[in-house]
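The following exercises are to be worked with the sequence and the three-dimensional model at hand. Each task is followed by a solution in steps.

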Amino acid sequence: MIRVDLSVLGNAGLWYHVTGRSIVEGISTLETNRITIMTTIGSTVTARVAAPRAALFDWFISIPLPRILLKYGPIPSVASTTGQTGPWDVVGNSRIVHLADGHTARESVTGYQRSSYFAYRVSDFDNFLGRLAADAVGRWWFADGPNGSTDITWTYTFNARNRLAAIALLPIVKIFWRGYMRQAVATLSELAVAEARAFRAPTEDSMKPARRSTQ
């Protein structure tokens, strides 16, 4: 039996087992005469943003998705969101995400800790991902970096519908989706730096109650 490590493909740790002319796929944790395939496929990206954590987090929570989720390879950009049920800092609220190719998915808030953590679930994919994944879970962590910067970690995990779907998802997630995520974090960082005024400490004047318009 020839065993070739394909861990370069990611956490699923695929091994190819070649016996004669037959090829069987499974993960590195094997039992005698039994092969198990992981059905969760995820990716993680990190970035350091030149902005203070608390202000950056609040800005991030309110930013429209079309500004940061841009087309990457076969992954379409986000065109808009509709039907939001409430503030995006409240667990349980949801909205419909519309992609530039006409497809949609539902996004729901599942975790929120101001300035440090945000989590959400994406479900009801009506494109090809719906045939491969039951849903996906995204998580963002924000931590203080040096010199007033912020370190961001973003993980995104698909829950495949079955083992065959997991095999099909693996290259999509590890190649295209990871690139999509890296591009999004880079775009977010650029926007944060360009809009640095949003992260300045409030002045005494800015903290005064705004006058109501008489018009």
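## Exercises on the sheet, its helices and its cavity

Helix H1 (residues 53–62) lies across S6, strand S9 (104–113), strand S10 (117–123), strand S11 (133–144) and S12, and runs at about 155° to S11. The model examined here is predicted. The protein has three helices and twelve strands, and buried residues make up 41% of its 215 residues.

**Exercise 1. Establish the strand order of the open sheet and identify the strands at its edges.**

Step 1. Seven strands form the open sheet, in the order S6-S12-S11-S10-S9-S8-S7, with antiparallel pairing.

Step 2. Strand S6 (40–49) and strand S7 (78–82) each have a single partner strand, so one side of each is left without a neighbour in the sheet. These two strands therefore stand at the edges.

Step 3. Direction ignored, neighbouring strands of this sheet are turned by 25° against each other on average.

**Exercise 2. Describe the pairing of S6 with S12, of S10 with S11 and of S11 with S12, giving a residue pair for each.**

Step 1. S6 is joined to strand S12 (residues 150–160) by ten bridges, and the two run antiparallel. Ser-43 has Tyr-156 in S12 as its bridge partner.

Step 2. Seven bridges pair S10 with S11 in the antiparallel sense. Here Val-122 has Ala-136 in S11 as its bridge partner.

Step 3. S11 and S12, also antiparallel, are joined by eleven bridges. Trp-141 stands opposite Thr-153 in S12.

Step 4. S11 and S12 form a hairpin with five residues between them.

**Exercise 3. Determine how H1 and helix H3 are placed on the strands, and which residues of H1 are buried.**

Step 1. As stated at the outset, H1 runs at about 155° to S11. Helix H3 (residues 163–194) lies across S6, S7, S11 and S12, and its angle to S6 is about 15°.

Step 2. The buried residues in H1 include Leu-56, Phe-57, Trp-59, Phe-60 and Ile-61.

Step 3. The cover over the buried residues of H1 includes S6, S9, S10, S11, S12 and H3.

**Exercise 4. Classify Tyr-117 and Ser-123 as buried or exposed, and list their contacts.**

Step 1. Tyr-117 is found in strand S10, as is Ser-123.

Step 2. The cut-off for a buried residue is a relative accessible area under 20%. Tyr-117 has 19% relative accessibility and therefore counts as buried. Ser-123 has a relative accessible area of 4%, so this residue is buried.

Step 3. Residues up to four places away in sequence are not counted in what follows. Tyr-117 touches Phe-57, Gly-111, Tyr-112, Arg-139, Trp-140 and Trp-141. Ser-123 touches Ala-105, Arg-106, Ala-134 and Asp-135.

Step 4. Between Tyr-117 and Thr-153 the C-alpha to C-alpha distance is 9.7 Å, with 36 residues separating them in sequence. For the protein, residues 24 or more positions apart account for 49% of the contacts with a separation of 6 or more.

**Exercise 5. Characterise the largest cavity by its volume and its lining.**

Step 1. There are three cavities of 30 Å³ or more. The largest holds about 460 Å³ of space.

Step 2. The largest cavity has 28 lining residues, of which Leu-69, Val-78, Glu-107, Tyr-156 and Tyr-180 lie nearest its centre.

Step 3. At least two lining residues of the largest cavity come from each of H1, strand S8 (94–99), S9, S10, S12 and H3.

Step 4. By class, this lining comprises 25 nonpolar, one polar and two charged residues.

**Exercise 6. Locate Asp-124 and Asn-147, and state what is notable about the phi of each.**

Step 1. Most residues other than glycine have a negative phi.

Step 2. Asp-124 has a positive phi, near 55°, and lies in the loop between S10 and helix H2 (129–132).

Step 3. Asn-147 likewise is not a glycine and has a positive phi of about 55°. Its place is in the loop between S11 and S12.

Step 4. The cut-off for an exposed residue is a relative accessible area over 50%. Asn-147 has 84% relative accessibility and therefore counts as exposed.

Notes: Residues numbered from 1 in each chain as written. Predicted model: local features only at pLDDT ≥ 70, side-chain atom pairs only at ≥ 80, totals over all residues. Heavy atoms only, no water. Pairing = 2+ DSSP bridges. Helix = DSSP H or I, 4+ residues; strand = E, 2+ residues; numbered from the N terminus. Axes fitted to C-alpha atoms, helices over the stretch in contact; angles between N-to-C directions. Contact = heavy atoms within 4.5 Å. 1 Å grid on protein atoms, 1.4 Å probe; cavity = no way out; pocket = protein on both sides within 12 Å on 5 of 7 lines; lining within 4 Å. Points joined across faces, edges and corners; volume = space filled by probe spheres on them. Nonpolar A, V, L, I, M, F, W, Y, C, P; charged D, E, K, R; others polar. Buried < 20%, exposed > 50% of the residue type's maximum accessible area, 1.4 Å probe, protein only.
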